[in-house]
Amino acid sequence: MSQAPSSGNVQSNLHETRFFPPSAEFSKQAHIKSIAEYEALHARSIAQPEAFWAEKAADCFWFKKWDKVLEWNSPDAKWFVGGKTNLCHNAVDRQVEEGHGDLVALLWEGEPMPDGRPEVRRLTYKDLQRETSKCANMLKSLGVKKGDVVTIYMPMVPELAIALLSCARIGAVHSVIFGGFSAQAIKDRVEDGQSKIVITADGGWRRGKVVALKDAVDEALKAGSEAANLVTSVVVVNRCNTNPPMVAGRDQAWDALMAKASDVCPCEQLDSEDLAFVLYTSGSTGKPKGIMHAVGGYMVHTAMTAKLSFDLKPGDVYWCTADIGWITGHSYMIYGVLPNKVTSIMYEGAPDAPAQDRFWDIIERHRVTKFYTAPTAIRTFMKWGRELVDKHDLSSLRVLGTVGEPINPEAWIWYNEVVGHGRCPIVDTWWQTETGGHMLTPLPGATTTTPGSCTRPMLGIDMAVVDETGREVPVNEGGILVCRKPWPSMLRGVFGNRERFIETYWSKVPGMYTAGDGARKDENGNFWIMGRIDDIIIVAGHNIGTMEVESGLVSHPAVAEAAVVGYPHDVKGNALAAFCILRRAIPTGAEGEALKKEILGHVRKELGPTSVPDKIFFTEALPKTRSGKIMRRLLKDVVVGKAVGQDVSTLDDRGILDKLAVAVQG
């Protein structure tokens, strides 16, 4: 078990004193208009949770209303017991029935064509209803029944969203695999989910090159493997015209099957606790886990949080830049967003193809109003320079969001000033694949934000920072981040592994969901994420949060991005090693040593002597998953000279480890 942070003697975060209240103009038209309104609503939602969640569930579609809001037998929850509903109906068909069928639901932009023109497709809610009905009938024709697991391994094209919603339509369980994962990752997930159907594409475009997805599926389903024996059908979307080999009797073209399918397929009436999907964690901390989410609770929580976190209004043009292969794409591109009658943008490719201003060009052309991206992307944009942003009209933006990891204060300030021009509230959201939806986040019309903090709990969410016994720790002292009460979109288990579910999430603090993150709560009631519990390192008796040290490093003007890990030390027990990406070319010799000394002195000034790394290395890149998360466990191996033998299937660039090893040894 990982070492949990204990109370007392904890190094504090950067001394952040900058506060940003929402403008009176924004608050006036927001769903929640003041911090007093939020606090009253939150207090009621915690004191009377069943009444609160019943009200929120009533905003969604139900074929049959529930008999009971909650059955709680820790760690197992059943929400809206006896209710009958459907995620696809709530996201798509309901909008058509209520007269919004002609509103654009999905606006897709592919990687630009050879002549430089962007490829754009617009699907209305009526279009989605028709296409998901056809795809659902196609799946039925292949023998897919309610409860069957359908594996989806696709590029970011509209057919990916259609495939998800089609599974939801008939009660099939989708298992989406990010289109950058390896053949081994496909094989493992197919076998774990006992999946008989795979939906893929010949490939997807990224920076002008084809990512050959069908080839990876063929490799995963090599003859003789369990996966090969399981899978009876592979459906292939033609995206790149590469004409991959098709296995007779197994592989079939999407277009041909869709052409034969009827466009009438009513949504199945599913039980609220029916399994909606399985999504495997990225593997940044070891072997991936199949996280299970149920239909009704997930539907209610994601629709509510999308509405409140982004202050969504009908007609908004909302852009979440994540891939649907991650939970962010599931919850905040599809299932939580479409029920709010907004246009959701999805794009194919990379932020720097065809040019480094691609994101700002998309926002300008499509008049995006709400924008949700990752801190790692923001830090990259900072490195590329504000002039790329300044040449575009971003006046349509009204709310900015961040997701995936804590955002360091300097990146937050840049995002606020350069992208939002100081007028767009920033919602720094904390949540997980396991939570299904937002747990800690500002509400844009109510919350005074401070850079680096994810602020307060979402309505209905009882978050706390505690010690190993479950007692809340004092203000500004580090502890274990937990949720003390059940919430509708909580995971229902780890697919096929009950013991791992209990051990990972319910064994560290009695009766409380343990997120795996360390945190502190400040004197204003705001939460600060200190990093994974594994990344809270005891240095000479002090609990040091690596996220805080990374923020200290990045606040130096020469540092664009940083990662900090611990390693064994004879005197201190543990010491810190820092890897820094600079905003300029890496200096060598005396100049390089002088810069390292200057950066470490800056950290000492900002955080104190116990947080100063013993080692600092300059690098051009960091080992990251394809979703942008830094794989710190690999950095630890590099620092101690350990051969990397763990699963690296999610690593974006395997070669970076060799370069880092040379830098450390040199």
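**Exercise 1. Locate asparagine 241 and describe its backbone and surroundings.**

Step 1. Asparagine 241 sits in the loop between strand E11 (233-237) and strand E12 (251-253). Helices (H or I, at least four residues) and strands (E, at least two) are DSSP runs, numbered from the N terminus.

Step 2. This is a predicted model: local features need pLDDT of at least 70, side-chain atom pairs count only at pLDDT 80 or more, and totals for chains, interfaces and linings use all residues. Residues are numbered from 1 along each chain as its sequence is written, and side-chain values use heavy atoms, with hydrogens and water left out.

Step 3. Check phi. Asparagine 241 has a positive phi, near 55°, and is not a glycine. Most residues other than glycine have a negative phi, and most peptide bonds are trans.

Step 4. Check exposure. Buried means under 20% relative accessible area, exposed over 50%, partly exposed in between (1.4 Å probe, protein chains only). Asparagine 241 has 58% relative accessibility, so it counts as exposed.

**Exercise 2. Is lysine 341 buried or exposed?**

Step 1. Find the residue. Lysine 341 lies in the loop between helix H12 (327-335) and E17.

Step 2. Read phi. Lysine 341 is not a glycine, yet its phi is positive, about 60°.

Step 3. Apply the cut-off. Lysine 341 counts as buried because its relative accessibility is 14%.

**Exercise 3. Find two cis peptide bonds and place their prolines.**

Step 1. The bond from serine 74 to proline 75 is cis, with omega near 10°. Proline 75 belongs to the loop between strand E1 (68-73) and strand E2 (76-81).

Step 2. The bond from alanine 353 to proline 354 is cis too, with omega near 15°. Proline 354 belongs to the loop between strand E17 (343-347) and helix H13 (358-366).

**Exercise 4. Describe the surroundings of serine 133 and glycine 203.**

Step 1. Serine 133 is part of helix H5 (residues 125-141). Its relative accessibility is 2%, so serine 133 counts as buried.

Step 2. A polar atom of the serine 133 side chain lies 2.7 Å from the backbone oxygen of glutamine 129.

Step 3. Contact means heavy atoms within 4.5 Å. Leaving aside residues up to four places away in sequence, serine 133 touches Arg169, Ser262, Asp263, Val264 and Cys265.

Step 4. Glycine 203 is in the loop between strand E8 (197-201) and strand E9 (204-206). Glycine 203 is buried because its relative accessible area is 0%.

Step 5. Residues up to four places away are again not counted. The partners of glycine 203 include Pro155, Val210 and Arg239.

**Exercise 5. Trace the sheet that contains E24.**

Step 1. Two strands pair if DSSP finds at least two bridges between them. Here 4 strands form an open sheet, in the order E21-E22-E24-E25, with antiparallel pairing.

Step 2. Find the edges. Strand E21 (463-466) and strand E25 (527-532) each pair on one side only.

Step 3. Look at one pair. Strand E22 (residues 479-483) and strand E24 (residues 513-521) are antiparallel, with 4 bridges. Glycine 479 has alanine 519 in E24 as its bridge partner.

Step 4. Add the helix. Helix H18 (residues 546-554) lies across E24 and E25, at about 100° to E25. Axes are lines fitted to C-alpha atoms, for helices over the stretch in contact, and angles run from 0 to 180 degrees between N-to-C directions.

**Exercise 6. Which residues of strand E19 lie on each side?**

Step 1. In a regular strand the side chains alternate between the two faces of the sheet.

Step 2. Strand E19 (residues 399-402) has Val399 and Gly401 on one side, and Leu400 and Thr402 on the other; all are buried.

Step 3. Find the neighbours. Strand E18 (residues 370-373) runs parallel to E19, joined by 4 bridges. E19 is also parallel to strand E20 (residues 426-428), over 3 bridges.

Step 4. Follow glycine 401. Glycine 401 is the bridge partner of tyrosine 372, and valine 427 in E20 is the bridge partner of glycine 401.

**Exercise 7. Describe the whole chain.**

Step 1. The protein chain has 21 helices and 30 strands.

Step 2. Its radius of gyration is 24 Å, close to the 26 Å that the globule rule gives for 666 residues, so the chain is as compact as a globular protein of that length. The radius is taken over C-alpha atoms; the rule is 2.2 Å times the number of residues to the power 0.38.

Step 3. Of the 666 residues, 63% count as buried.

Terms used: A polar contact is a pair of N or O atoms within 3.5 Å; within protein, one must be able to donate a hydrogen and the other to accept it, and residues adjacent in sequence count only if both atoms are side-chain atoms.
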